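Visitor: Could you take me on a close look at the part of this model where the protein meets the RNA? I would enjoy one connected walk through it.

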Amino acid sequence: MLYTENQFKRYTVTSALPYANGPVHIGHLAGVYIPADIYARYLRLAGEDVIYIGGSDEHGVPITIKARNEGITPQEVVDHYHAIIKKSFEDFGISFDIYSRTSDPIHHRTASDFFLKLYQDNKFIEKTTQQYYDEEARQFLADRYITGVCPHCSNERAYGDQCESCGTSLSPTDLLHPKSVLSGSEPVLKDTKHWFLPLNEYEDFLKEWILIQHKQDWRSTVYGQCKSWIDMGLQPRAVTRDLDWGIKLPVPDTDGKVLYVWFDAPIGYISATKIWADQHQKDWQPYWKDTETKLVHFIGKDNIVFHCIIFPVMLKAEGSYILPENVPANEFMNLENDKISTSRNWAVWLHEYMEDFPDKQDVLRYVLTSSAPETKDNDFTWKDFQAKNNNELVAIFGNFVNRTLVLTHKYYQGRIPAKDVLNETDRAVMEQIKTYPELIGRNIEKYHFRDGLSELMNLARLGNKYLTDNEPWKEINTNPQHVTSVLNIALQIAANLSILCEPFLPFTAKKLQTMLNMQPAKWSKAGCVSLLDEGALIGEPTLLFEKTEDSAIEEQLLKLRKAKEQNAQNAQQDVEVEPQKALISYEDFMKADLRICQVLEAERVAKTKKLLKLKVDTGFDIRTIISGIAENYEPEALTGKKVLMLVNLQPKEIIGTVSQGMILMADCNGTLGILTSDKDMPNGSIVK
RNA sequence: CGCGGAGUAGAGCAGUGGUAGCUCGUCGGGCUCAUAACCCGGAGGCCGCAGGUUCGAGUCCUGUCUCCGCAACCA
């Protein structure tokens, strides 16, 4: 029984399928898996019929690229990471009813049947387009499999979808001198047929369903993103790809074609449900087809379009499925003021956390929940982790439980005393205890997990205050018959905490219940002040949480610093040295007027990422130049610096400012280094 | 002018028209059962900036600046 008005018969809760080309990190946990887990655990505790679905997403181009780079098969890649990911989720108590994978045969059949149904119902449009084809490798090339010269910046290693040097997004046909990554040969354009889901035909449906029906209950970030997509006008979207890794099209004469990974992945929720149902002799269909089922997708904000637009359109087109009731997408979690990045190894990996902080899953769960990016991007810092552990979990929650149990053992040899004599404060506290289950429950039901957790801590605070107000350690000498009531009530608060914290801190809940010698109880039991029987024996107190020392935090920070250094080194090692350019004459070289100059002022150019505006002293004049080095140098670090400059370069206007010259830089994969003289030379010194 | 989100006390956040709030930190006091933990009290904010609507604006409207995300690996 829930507190909010809408009553459903059952709940299907999903969390985004992690892509099996790397382990999972705190960003995944904070953004998706912890919120979903809290929600699912809460519903179970409230006695609802709920399944919580997860699994690894194992298809798509990046996995094939990774396999190729490492010289193994795609299947080996996904087997490796699926195992690591699954283990991490188990370690952190993410309570999936089933954690499946999209390489499962049942999934292949389900996705393929789904496609076939839409195909037979003529829900797709077929289009033939031209795409690059590698004649040596005899296959069509995904955008990432094509490199060439960027038409904008002449970078010779631009990809078919993007040039990483200048940042512009490209399509493969934009590239000059395209080259296949597979064979190195020049690919040719060839006709290929694909099936498209005509999203544009579902605009009215989406407008009605999202923009009107869910205006109030969806998060503003989710709603805004959807609105912008719908307002821009939707285009038909290809749901097939030319690739040999994935789910084969169930249509004759389509060799070498598979379902687009984003078509097959969300169907993974459905196939996982089927597998679960098989294992438990249940029927999967009510969880996906009964209108009295509430379907909720937990995702990160990057997945909004797939879960709010594309997948619902797929479900709608199929016809027999229900639609998600809510899609509580979280924003992103940053790490120490920097974007979490798998490729840059800027992350806290869950499997590493488990090694460094064994048995402290709940600490991370607590920290990530209390600063979850529910409304905007948030930052995870180790200092904050330590503070929240020491000042909140240890000092408030752990300490309350500890002092209560210690006093019980001290005065009553571990037997729960009777509450006979009750005064006004006792009664007031008992009344307050009653309010917490609903307070916390309502927040969880509204997906306000941060607020729910904070209310939980308030109950622990209430306990601490209650003890301090009554001072049983003094009263034991003056009014011992009342102390029994005080400790009874304090113990009841601890028992309540053990139930109410279960969705957030499942390991702590278990530990606390063991300590109190109590059985796990349903949510509806919480709020009651007779959870523990008078006269019953409690266990020995052990610490629920331990202080985190500075050294542990420093170790983690050191690890991150090393990752950053390693990263810089890798970037340098990966360099392909450019071949020597054509010979030039001495006269040609002498045309270049190179000088030692001094930077006088530096400031960022508004609205750009890379540009700095510099005022430079050339020895003979002072001029302005624009330089694309803002990602490598802070403006402050440049002022006063002597640099090597080409001064007779033709002036060029860049973003409204004329740049008169060019600062010379060593360039290694975008890492830039300023050149200068090893002696202090006066401004204007000639370089030759 | 590509699209979306955010800017509120030192830090992290809540607050969608009616006397600016929470957690942590900080300062002062109390207590000593407890992992130097707990409890009480105080200080600290022209709610990014500028206009407007209103009896009344953090909240609605317009303009503007800054940060983040999406489009493009990634929650």
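Guide: A polar contact here is a pair of N or O atoms within 3.5 Å. With that in hand, please keep in mind that this is a predicted model. A backbone N or O atom of methionine 333 lies 3.0 Å from a base nitrogen of RNA strand B. Two side chains can be set beside that contact. Asparagine 303 has a polar side-chain atom 3.5 Å from a sugar or linking oxygen of RNA strand B, and lysine 465 has a polar side-chain atom 3.5 Å from a phosphate oxygen of the strand. As for secondary structure, the elements that give two or more residues to the surface near RNA strand B are H1, H6, helix H12 (382-412), H14 and helix H15 (472-478). H12 provides the largest share, with 12 residues.

Let us step back to the whole surface around the RNA. There are 49 residues around RNA strand B, and those that come nearest are Gly300, Asp302, Thr375, Asp377 and Asn378. Of the atoms of RNA strand B that come within 4 Å of the protein, 75% belong to sugar and phosphate. Sorted by class, the surface near the strand holds 19 polar, 16 nonpolar and 14 charged residues.

Some of these helices also turn up at a pocket. The second largest pocket has a volume of about 580 Å³. It is lined by 25 residues, of which Asp217, Asn326, Glu445, Lys446 and Tyr447 are the closest to its centre. Helix H1 (26-45), helix H6 (220-232), helix H13 (424-445) and helix H14 (449-470) each supply at least two residues of that lining. H1, H6 and H14 are also among the elements that give two or more residues to the surface near RNA strand B. The pocket lining divides into 11 charged, 7 polar and 7 nonpolar residues.

For some background to your walk, here are two other elements of the fold. Helix H11 (residues 361-370) is mostly covered, with 10 of its 10 residues buried; among them are Asp362, Arg365 and Tyr366. There is also an open sheet of 4 strands, in the order S5-S4-S9-S10 with antiparallel pairing. Strand S5 (139-140) and strand S10 (237-238) stand at the edges with a single partner strand each, so one side of each has no neighbour in the sheet. Strand S4 (residues 125-134) and strand S9 (residues 188-197) pair in the antiparallel sense over 9 bridges. Histidine 194 in S9 is the bridge partner of lysine 127.

Key
Residues are numbered from 1 along each chain as its sequence is written. Chains are lettered from A and ligands numbered from 1 in the order in which they are written. This is a predicted model: local features need pLDDT of at least 70, side-chain atom pairs count only at pLDDT 80 or more; totals for chains, interfaces and linings use all residues. Side-chain values use heavy atoms; hydrogens and water are left out. Buried means under 20% relative accessible area, exposed over 50%, partly exposed in between (1.4 Å probe, protein chains only). On a 1 Å grid over the protein atoms alone, a cavity is a set of points where a 1.4 Å probe fits but cannot get out, and a pocket is an open set with protein on both sides within 12 Å along at least five of seven lines; lining residues have an atom within 4 Å of a point. Grid points are joined across faces, edges and corners, and a volume is the space filled by probe spheres set on the points. Ala, Val, Leu, Ile, Met, Phe, Trp, Tyr, Cys and Pro count as nonpolar, Asp, Glu, Lys and Arg as charged, and the others, Gly among them, as polar. A residue is near a molecule or strand if one of its heavy atoms lies within 4 Å of it. A polar contact is a pair of N or O atoms within 3.5 Å; within protein, one must be able to donate a hydrogen and the other to accept it, and residues adjacent in sequence count only if both atoms are side-chain atoms. Two strands pair if DSSP finds at least two bridges between them.
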